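Hi,

Here is the structure I said I would pass on. Have a look at it first, and my notes follow underneath.

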Amino acid sequence: MGTREGALGRAAAFFDEGGFKALLARLVGIPSTAQEPGFEPELEHYLDQAIRPWVESMGFTVRIHPNPLPGFGPIMTAERIEDPSRPTVLLYGHGDTVRGLDEQWSAGLAPWALTDAGDRWYGRGTADNKGQHALNLAALEAVLAERGGRLGFNVKLLLEMAEERGSRGLQEFAEGHKDLLAADVLIASDGPRVEPDLPTIATGNRGIFQFDLVLKLREGGVHSGHWGGLTTDPAIRLTHAISAICDAKGKILVRDWLPRNGVPAEVRAALQGCPVGAGSGGGGGAATIDPDWGEPGLTAAEKIYGWNSFIVLAMLSGQPENPMNAVAPWARATCHIRYIADTAPTTFEAALRRHLDAQGFADIGIENAGVRMCAARTAPNHPWVLWAQESMQRSLDTRVQVIPNSSGGLPGDVFADQLGLPMVWVPHSYNGCKQHGPDEHLLIAPAREGILAFAGMWWDLGEGGTPKR
């Protein structure tokens with residue numbers, strides 16, 4: 001009979017003896033970018049040649065489905081059913097990546113080759129998301145070996161290849177395959193820990209509501225000498241409109257965008273004592289955490305995990321690449337709101353329109369408004385969350401921080417709202433990993449903790465005592 005310690009030992013040996021590094025190198029070597037034309041065959045190759053043989057060797061039945069939306073990457077499902085009366089876990093990941101940006105990587109580094117450098121492994125997808133779902137599957141393989149080819153529970157796997165294009169098609173796929181994806185809980189990995197050395201469970205994700213602010217006053221620019229001071233400058237007008245939306249310290253002034261009763265009590269309780277420091281939200285050398293920015297009276301953790309934020313993504317007026325001596329004819333800003341599940345994005349556009357009108361900016365248009373990613377959340381004190389936290393703390397012998405949602409985006413609404421699953425997201429990365437840019441990397445120490453944490457959870461699932469359906 002195998003043991004829990006034996007399962008963790010197998011996972012640790014696979015990692016420490018180079019097995020996982022070699023596996024990750026093979027996965028990174030497949031240029032499966034979903035954001036550049038010409039790489040479509042690599043999306044299929046990743047699923048069919050890299051993942052299918054591996055999970056079939058673990059006893060999974062595998063199917064690769066075309067995306068319900070033409071032009072987007074395929075979707076893999078795999079299932080390993082031992083006993084329908086036992087718990088079933090849905091495991092999710094994505095094998096597609098953002099653009100390689102080959103020419104922007106530092107000397108000696110490349111997107112489609114794994115580079116070992118000190119405490120980290122460099123390569124596109126190491127953190128987002130090849131390394132993360134590979135750790136979870138490698139841990140499952142270790143538990144299978146320790147239990148002599150059995151798990152004691154059931155696993156379903158969902159791997160998509162369009163996450164970096166907004167998970168387009170995933171909602172439609174889930175709607176048409178609810179029985180295939182039916183499970184008791186989602187346990188998966190994506191996104192960052194709150195700090196590199198603090199294991200984390202996220203129970204949801206913030207959403208994205210995006211819109212353009214537009215002011216067009218004339219067909220072309222007019223001479224700045226003849227017309228400056230006489231005719232309205234759209235750039236100045238637009239910047240004042242933005243300052244009516246958000247003050248000089250980042251406080252949102254459109255109060256109808258915010259949770260009506262402040263940070264929800266269960267969210268505040270989960271975030272009590274939660275750190276946000278070097279390597280977490282905005283840290284790790286990527287930016288500074290400015291204590292006087294954002295909503296007054298909130299902790300840094302509450303600002304990023306329990307509140308909404310307004311961001312100006314881009315602004316344009318005139319010709320910045322070749323400025324003319326002219327008053328520009330128009331100005332445009334693309335903005336978005338990162339929102340938590342306690343606010344209704346369907347009200348955002350109307351609330352903004354009312355606010356701009358009341359502030360004297362009826363001339364500012366709102367265009368292309370809509371949800372780009374839905375917010376979703378499982379209660380931080382849900383029984384499955386507490387079960388996973390206890391299991392991880394037992395395996396890692398350290399505190400595990402629970403947060404109500406990740407700081408970034410995830411397709412959580414598919415799992416929580418469409419499939420009705422409690423969500424347990426266990427990230428293996430950190431916010432300084434440079435995902436979506438050059439020099440993406442995975443820190444080795446958190447990755448090693450990740451494979452141990454999942455080996456422990458996979459073992460405990462087969463022992464019974466899991467939350468009731």
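One thing before the details: this is a predicted model. I'll begin with a pair of strands. β12 and β14 (residues 330-339) run antiparallel and are joined by eight bridges. If you want a spot to click on, find I311, which has H336 of β14 opposite.

Those two belong to an open sheet of four strands, ordered β12-β14-β10-β15 and paired antiparallel. The edges are taken by β12 (309-317) and β15 (365-373); each has a single partner strand, so one side of each has no neighbour in the sheet. On average, neighbouring strands here are turned by 15° against each other, ignoring direction.

Two helices go with this sheet. Helix α8 (residues 234-245) lies across β10 (207-216), β12 and β14, and runs at about 20° to β14. Helix α11 (residues 348-358) packs on the sheet too, where it touches β10, β14 and β15, and its direction makes about 150° with that of β15.

There is another open sheet, with three strands in the order β4-β5-β19, and its pairing is antiparallel as well. Here β4 (115-117) and β19 are the edge strands with a single partner each, so again one side of each is left without a neighbour in the sheet. From one strand to the next, the twist averages 25°. Three bridges hold the antiparallel pair β5 and β19, and within that pair R120 has L443 of β19 as its bridge partner. Helix α14 (residues 444-461) packs on this sheet, touching β4, β5 and β19, with its direction at about 65° to that of β19.

Next, have a look at helix α2 (residues 19-28). Which of its residues are buried? They are F20, L23, L24, L27 and V28. These residues cover an arc of only 130° around the axis, which puts them on the same side of α2. And what do they pack against? The partners are α1 (4-16), α3 (40-57), β5 (120-122), α4 (130-146) and β19 (441-443), so two strands of the three-stranded sheet, β5 and β19, turn up again here.

Now the aromatics. Searching the whole structure gives 16 aromatic pairs. F20 from α2 is in one of them: its ring and that of F15 have centres 5.7 Å apart and planes at 15°, so the pair counts as stacked. F15 and F20 are both buried.

Y92 and W425 make a pair of another kind. Their ring centres are 5.9 Å apart and the planes are at 85°, so this one is edge-to-face. It links distant parts of the chain, with Y92 in strand β3 (residues 88-94) and W425 in strand β18 (residues 423-425), 333 residues apart. Both Y92 and W425 are buried.

Ring pairs also join F209, F211, W257, F310, Y339 and F348 into a cluster. Finally, there is a charge over a ring: the charged end of R147 sits over the ring of W459, 3.6 Å from the ring centre.

If you only have a minute, start with I311 and H336, then go to the F15 and F20 stack, and finish on R147 over W459.

Cheers

Definitions and conventions:
Residues are numbered from 1 along each chain as its sequence is written. This is a predicted model: local features need pLDDT of at least 70, side-chain atom pairs count only at pLDDT 80 or more; totals for chains, interfaces and linings use all residues. Side-chain values use heavy atoms; hydrogens and water are left out. Two strands pair if DSSP finds at least two bridges between them. Axes are lines fitted to C-alpha atoms, for helices over the stretch in contact, and angles run from 0 to 180 degrees between N-to-C directions. Contact means heavy atoms within 4.5 Å. Rings of Phe, Tyr and Trp (its six-membered ring) pair if their centres lie within 6.5 Å; planes under 30 degrees apart count as stacked, over 60 as edge-to-face and the rest as tilted. Buried means under 20% relative accessible area, exposed over 50%, partly exposed in between (1.4 Å probe, protein chains only). A charge sits over a ring if NZ of Lys or CZ of Arg is within 6 Å of the ring centre and within 35 degrees of the ring normal. The arc is that of the directions from the helix axis to the C-beta atoms.
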